[in-house]
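Work through the exercises below with the sequence and the coordinates open. Try each task before reading its solution.

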Amino acid sequence: APIARFCSGNGYYRRYTRYFGLNGIENITTNALRNHQKWTKAIQNWQNPIITDPSLPLEYKMSLFNELYFVIDGGTVWVDSPVDDNQYDLSLQDKKSNDFGKFFYLEGHEYLMCNTYDVHFYASFALAMLWPEIELSLQRDFAKATVQEYPKDHWIISPNISTKRKVKWAVPHDLGNPGEDPWHLPNAY
């Protein structure tokens with residue numbers, strides 16, 4: 001679907017729509033079929049110097065490439081812009097970060113939180129090295145959430161209490177939950 005819609009009802013155009021349009025699945029498929037051999041060779045050329053280097057420990061090689069699973073293990077969303085720009089206070093958007101859209105990945109299938117900052121540690125190096133603009137956009141989203149306050153009470157499961165969702169200047173644990181409104185209601189944990 002060309003629109004990622006969350007339980008809040010708010011929707012975003014997926015990032016690929018910028019390049020392939022709203023009905024772009026045929027173009028994406030055609031592009032993939034035409035280029036898959038070239039892409040496979042490029043990946044092999046990228047990985048082979050490390051995989052074939054006998055001086056590097058096996059654990060290092062496995063860690064280097066397997067840390068990418070955080071980025072693709074399911075629950076990854078990369079969007080371009082809101083479907084209805086009137087639904088958000090766009091004054092909070094940084095024009096530079098909007099050039100790369102908004103990106104999140106879930107902590108896990110059982111923990112539906114977007115970009116949990118403690119888990120992001122494991123994927124941050126891969127993002128910074130392979131997609132630095134996405135990493136920068138993610139950091140800007142955290143910076144924006146840090147200076148905001150969300151005073152509405154929020155239920156916290158672990159201590160079983162209700163408290164403010166997030167106080168101003170506190171770095172949020174995460175950037176939201178797809179069951180609510182990611183990027184606009186942080187600290188889902």
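**Exercise 1. Locate Asn115 and classify its backbone and burial.**

Step 1. Asn115 sits in the loop between β4 (102-104) and α6 (117-130). Helices here are DSSP runs of H or I with at least four residues, strands are E runs of at least two, and both are numbered from the N terminus.
Step 2. Its phi is near 50°, a positive value in a residue other than glycine.
Step 3. The relative accessibility of Asn115 is 0%, so Asn115 counts as buried. Buried means under 20% relative accessible area, exposed means over 50%, and partly exposed lies in between (1.4 Å probe, protein chains only).

A note on the model before going on. This is a predicted model: local features need pLDDT of at least 70, side-chain atom pairs count only at pLDDT 80 or more, and totals for chains, interfaces and linings use all residues. Residues are numbered from 1 along each chain as its sequence is written, and side-chain values use heavy atoms, with hydrogens and water left out.

**Exercise 2. Do the same for Asn187.**

Step 1. Asn187 lies in the segment after β6 (161-166).
Step 2. Its phi is positive, about 65°, although Asn187 is not a glycine.
Step 3. Asn187 has 14% relative accessibility and therefore counts as buried.

**Exercise 3. Describe the packing of α6 and α7.**

Step 1. Take the geometry. The two helices pack at an angle of about 145°, and their axes are 7 Å apart. Axes are lines fitted to C-alpha atoms, for helices over the stretch in contact, and angles run from 0 to 180 degrees between N-to-C directions.
Step 2. List the residues. From α6 come Tyr117, His120, Ser124, Leu127, Ala128, Met129 and Leu130; from α7 come Pro132, Ile134, Glu135, Leu138, Gln139 and Phe142. Contact means heavy atoms within 4.5 Å.
Step 3. Sort them by class: 9 nonpolar, 3 polar and 1 charged. Ala, Val, Leu, Ile, Met, Phe, Trp, Tyr, Cys and Pro count as nonpolar, Asp, Glu, Lys and Arg as charged, and the others, Gly among them, as polar.

**Exercise 4. Characterise the pair α2 and α3.**

Step 1. Helix α2 (residues 25-51) and helix α3 (residues 58-66) pack at about 155°, with axes 10 Å apart.
Step 2. The pair is therefore roughly antiparallel. Angles under 35 degrees count as roughly parallel, over 145 as roughly antiparallel, 65 to 115 as roughly perpendicular and the rest as oblique.
Step 3. Trp46, Gln47, Ile50 and Ile51 in α2 meet Lys61, Leu64 and Phe65 in α3. By class, this contact has 5 nonpolar, 1 polar and 1 charged residues.

**Exercise 5. Which backbone oxygen does the side chain of Ser137 reach?**

Step 1. Place the residue: Ser137 is in helix α7 (residues 132-146).
Step 2. Check burial. With 3% relative accessibility, Ser137 counts as buried.
Step 3. Find the partner. The side chain reaches the backbone oxygen of Gly101 at 2.9 Å.
Step 4. Compare sequence with space. Ser137 and Phe103 are 34 residues apart in sequence, and their C-alpha atoms are 7.7 Å apart.

**Exercise 6. Is Phe20 buried, exposed or partly exposed, and what does Phe20 touch?**

Step 1. Phe20 belongs to helix α1 (residues 17-20).
Step 2. Its relative accessible area is 25%, so Phe20 is partly exposed.
Step 3. Leaving out residues up to four places away in sequence, Phe20 touches Asn27, Ile28 and Asn31.

Technical notes. A polar contact is a pair of N or O atoms within 3.5 Å; within protein, one must be able to donate a hydrogen and the other to accept it, and residues adjacent in sequence count only if both atoms are side-chain atoms.
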